[in-house]
Amino acid sequence: MRNNKNGLLVVFSGPSGCGKSTILAEYMKDRSDCVFSVSATTRAPRPGERDGVDYYFVTRRKFETMLAKGQLLEHTVYNDNYYGTPLKPVLSAIKKGKDVVFDIEIDGAFQVRERYPEAVLIFLKPPSMEVLRGRLEGRGTETAEVIDRRMARAAVEMERANEYDYVVVSDTVEQAAADLGAAIESARAKAE
Ligand code: 5GP
């Protein structure tokens with residue numbers, strides 16, 4: 001879809017806790033031709049997360065207003081919180097020829113595909129469910145109940161991995177970032 005002008009829409013999904021943001025940060029470092037789509041969410045910030053960088057942390061009322069005004073490309077409810085992608089920054093980046101990378105869950109991924117069939121969908125799989133649980137517990141930011149819900153959701157998401165264009169396994173950050181890059185270049189070659 002780049003057709004020498006527009007950037008690619010790269011949707012990156014995978015169970016919460018499998019290292020998506022670290023792998024994306026590794027892939028994106030030193031890449032000025034690629035921007036991260038900062039989502040809006042009603043969930044509370046985790047320690048170290050910055051408003052406007054990791055997410056736009058908004059109230060439910062603000063989120064519902066954005067939704068009503070058609071300002072979101074896609075959205076979902078995840079663990080009782082809203083998450084959604086502001087549309088404007090995406091359109092402005094791809095017009096400038098930049099790739100836009102989305103870290104979003106499966107409902108949102110398929111909404112992006114429906115609206116932009118040329119979007120590239122890449123799924124990140126943990127090496128195993130045990131490794132995933134260990135990472136979620138190690139993060140130490142969620143209650144046992146939230147971890148159980150995230151594990152249940154992970155199982156559902158993994159079943160749909162085969163609907164994505166590419167699957168990457170998150171063994172190490174460096175290897176997964178390299179595999180992500182290879183998937184994106186392969187998608188670009190196909191599009192061109
Ligand atoms: P977390 O709360 O761990 O940051 O994110 C929870 C889940 O929401 C992750 O799977 C993440 O990819 C997804 N997510 C983050 N932003 C968005 C968004 O804008 N839209 C959708 N559909 N999912 C999102």
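Let's start at the ligand: arginine 43 has a polar side-chain atom just 2.6 Å from one of the ligand's oxygen atoms. Keep in mind that this is a predicted model. Two other side chains also bring a polar atom to a ligand oxygen, lysine 20 at 2.9 Å and threonine 85 at 3.5 Å. Here are those distances together:

| Residue | Distance from a polar side-chain atom to an oxygen atom of the ligand |
|---|---|
| Arginine 43 | 2.6 Å |
| Lysine 20 | 2.9 Å |
| Threonine 85 | 3.5 Å |

And how much of the ligand does the protein bury? On its own the ligand would expose 510 Å², and the protein buries 96% of that. The space that the ligand takes up is the largest pocket.

Now for the surroundings. The ligand has 17 residues around it, and Arg43 is among the closest, along with Tyr55, Tyr83, Asp103 and Glu105. Sorted by class, this shell holds seven charged residues, six polar ones and four nonpolar ones. Which strands supply at least two residues each to the shell? Strand 5, running over 72-78, does so, and so does strand 6, over 81-86.

Stepping back to the whole chain, you'll find seven helices and nine strands. The C-alpha trace spans about 50 × 40 × 30 Å along its principal axes. Is there a simple yardstick for how the chain is packed? For 192 residues, a compact globule would have a radius of gyration near 16 Å, and the protein chain agrees with that because its own value is 16 Å.

Note on methods
Residues are numbered from 1 along each chain as its sequence is written. This is a predicted model: local features need pLDDT of at least 70, side-chain atom pairs count only at pLDDT 80 or more; totals for chains, interfaces and linings use all residues. Side-chain values use heavy atoms; hydrogens and water are left out. A residue is near a molecule or strand if one of its heavy atoms lies within 4 Å of it. A polar contact is a pair of N or O atoms within 3.5 Å; within protein, one must be able to donate a hydrogen and the other to accept it, and residues adjacent in sequence count only if both atoms are side-chain atoms. Accessible areas come from the Shrake-Rupley method with a 1.4 Å probe; for residues, only the protein chains shown count as cover. On a 1 Å grid over the protein atoms alone, a cavity is a set of points where a 1.4 Å probe fits but cannot get out, and a pocket is an open set with protein on both sides within 12 Å along at least five of seven lines; lining residues have an atom within 4 Å of a point. A molecule sits in a cavity or pocket if more than half of its atoms lie within 2 Å of its grid points. Helices (H or I, at least four residues) and strands (E, at least two) are DSSP runs, numbered from the N terminus. Ala, Val, Leu, Ile, Met, Phe, Trp, Tyr, Cys and Pro count as nonpolar, Asp, Glu, Lys and Arg as charged, and the others, Gly among them, as polar. The radius of gyration is taken over C-alpha atoms; the globule rule is 2.2 Å times the number of residues to the power 0.38.
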